[in-house]
Structures are given as C-alpha cells and as structure tokens.
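The following exercises are to be worked with the sequence and the structure in view. Each task is followed by a solution in steps.

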Amino acid sequence: MIKVAPSILSADFGKLGDEIKAIEEGGADLVHVDVMDGNFVPNITIGPVVVKSIRPLTEMPFDVHLMVQKPQDYVEDFIKAGADILTVHVESDHSPHETIKQIHDMGKQAGVVLNPGTPFHIAKDFLNEIEMILIMTVNPGFGGQKFMPEVIPKIKEAKDYIDSQGLSIDLEVDGGITSENAGEVASAGGNILVAGSFVYRGNPKETIASLRAACEQ
C-alpha cells in the first residue's frame, strides 16, 4: 500500500496549523518534517520548538528527516518534541549504528537516508536494524527541486535486496515527486512518497489523490 508523506517544508509557515489540517483531511498518512542545520546542507529550516508546537494538531505520525551534520546531537530533542520516526544520513558525521540504537532506546523508529550519489550498498550494514530506508531523488537542502530519474535503478536495487532478505522495511522516496513520476517510483519499489511542492501548490486533497492514482495505474 502506498503512503503519502507531505513535506511541510513547502507549507505556508504563516498558517502552519491550517496547512497540517489540510493534508490530514486530504488523506495524508504521515507528516514529513525536513530538518536542516545550515551545515550538512546549505539551508536552515525548523527545530524541535516548532515540532513541539504542531504535535498537538494531528495524530498523524511525524516522519523527521535529519539533514544535519551531527544527528546524534538532535535525536533526544526531536523525540521529546514529538517525532515518531527519525531518519539520519549515512553521509553525516556519526556512527549510524549508534544513532539508530539511540533512537530505538527512546522507543521510536529509525531509518537511514542515502543521497542521490550514495550507492545502495552503503546501507546494507544497517538494514537489519532499521524500520525505514529513505532514498533521495534530489540533492538535499531545498524544496521544489526537479526529480532525478537516474536514481530509479537504486530504488529498485534496494527493493529487490530488501525482499531477498525477507526484511520488513519501508522504502521512502523523497525529492521532486509528482503525479508524473509517482507511478515509476512505486513500480521500482517505493511505498512511501514524500511530496512537498506538488502537494501544496494545489488543493492537497486533489494532489494527494492524484499521487495515489498514478501509483495504481
């Protein structure tokens, strides 16, 4: 079953509560929260204070993507703020094994993230420890970027390997997802689609529905 995780990076932060309500009523499955530190990526977004402020507004799980240099320093604060799933980059300055354990020790789900240029085999050492792998189809740092179709083979490679090992892991895909490429992503094996600009540039109920429809074709 395909799940849709709208990224609030593309929401209107002046009415963030209404924007979250709109995606919930539109049928979203998770709230994707892009956290950037201005170091690992050249942009700064939101911190635990904002996550804590919006946590009471919905029961949808918060899928927090830590695009930060030292994710181990932020795990506790974001979990206390209301994160349900935390994904961390293998390219960051940390031991993914230790950070994954840190997340699990606090009772939450963990995942690893691969940038477009990072080969899938880098993640194999962690797959027995995580609940999610996130494959980026844009270079992280800014919303509204164009989907990179050359990453599709890596999505399929990840899905084939996960199935061959009998693992139960969500395969999330993030970056430039629209109704034009969602079907291709789903066919390759992605089961959670992160979409920000596409969802919020129109009526979320309609855009979310169009993503699901594209995956069913």
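**Exercise 1. Charged pairs in helix 5**

With which residue does the side chain of K159 meet in a salt bridge?

*Solution.* The model is a predicted one, in which local features need pLDDT of at least 70, side-chain atom pairs count only at pLDDT 80 or more, and totals for chains, interfaces and linings use all residues. Residues are numbered from 1 along each chain as its sequence is written, and side-chain values use heavy atoms, with hydrogens and water left out.

Step 1. Recall the rule: a salt bridge is a side-chain nitrogen of Lys or Arg within 4 Å of a carboxyl oxygen of Asp or Glu. Side chains of opposite charge can pair when their charged atoms come close.

Step 2. Apply the rule to K159: its side chain meets that of D163 in a salt bridge, at 3.3 Å from N to O.

Step 3. Locate the pair. K159 and D163 both belong to helix 5 and are four residues apart, about one turn of the helix. Helices (H or I, at least four residues) and strands (E, at least two) are DSSP runs, numbered from the N terminus.

Step 4. Find a further pair in this helix. D160 forms a salt bridge with K156, and their closest N and O atoms are 2.9 Å apart. D160 and K156 are likewise four residues apart in helix 5.

Step 5. Explain the spacing. An α-helix has 3.6 residues a turn, so residues three or four places apart point the same way.

Step 6. Assess the surroundings. Buried means under 20% relative accessible area, exposed over 50%, and partly exposed in between (1.4 Å probe, protein chains only). K159 is partly exposed at 29%, and D163 is partly exposed at 45%. D160 has 40% and is partly exposed, as is K156 with 44%.

**Exercise 2. The two sides of helix 5**

Determine which residues of helix 5 are buried and what covers them.

*Solution.* Step 1. Establish the extent of the helix. Helix 5 consists of 13 residues, 152-164, and reaches 18 Å from its first C-alpha to its last, close to the expected 18 Å. The expected span is 1.5 Å times one less than the number of residues.

Step 2. List the buried residues: I152, K154, I155, A158 and I162. They lie on the same side of helix 5 because they cover an arc of only 165° around the axis. The arc is that of the directions from the helix axis to the C-beta atoms.

Step 3. Turn to the opposite face, which carries the exposed residues P153 and S164.

Step 4. Identify the cover. It includes strand 5 (109-114), strand 6 (132-136), strand 7 (170-174) and helix 6 (182-188). Contact means heavy atoms within 4.5 Å.

Step 5. Examine what comes next: helix 5 is followed by G166, whose phi is positive, near 65°.

**Exercise 3. A pair between two loops**

Which parts of the chain does the salt bridge between R55 and D84 tie together?

*Solution.* Step 1. Confirm the pair: the side chains of R55 and D84 meet at 2.9 Å, N to O.

Step 2. Locate both ends. R55 is in the loop between helix 2 (48-54) and strand 3 (62-67), and D84 is in the loop between helix 3 (75-81) and strand 4 (85-89), so the salt bridge ties together parts 29 residues apart in sequence.

Step 3. Compare with the cut-offs. R55 counts as buried at 18% relative accessibility, whereas D84, at 25%, is partly exposed.

**Exercise 4. Strand 4 and the core**

How many residues of strand 4 are buried?

*Solution.* Step 1. Count: five of the five residues of strand 4 are buried.

Step 2. Sort them by side. I85, T87 and H89 are on one side, and L86 and V88 are on the other.

Step 3. Find the partner. Strand 3 runs parallel to strand 4 and is joined to it by four bridges; two strands pair if DSSP finds at least two bridges between them. V64 stands opposite L86.

Step 4. Place V64 in the core. A nonpolar core is a set of buried Ala, Val, Leu, Ile, Met, Phe, Trp, Tyr and Cys residues joined through side-chain atoms within 4.5 Å. The largest core has 63 residues, and V64 is among those that touch the most other members, together with I8, L66, I133 and I177. A second, separate core of six residues includes L30, I85, M132 and I192.
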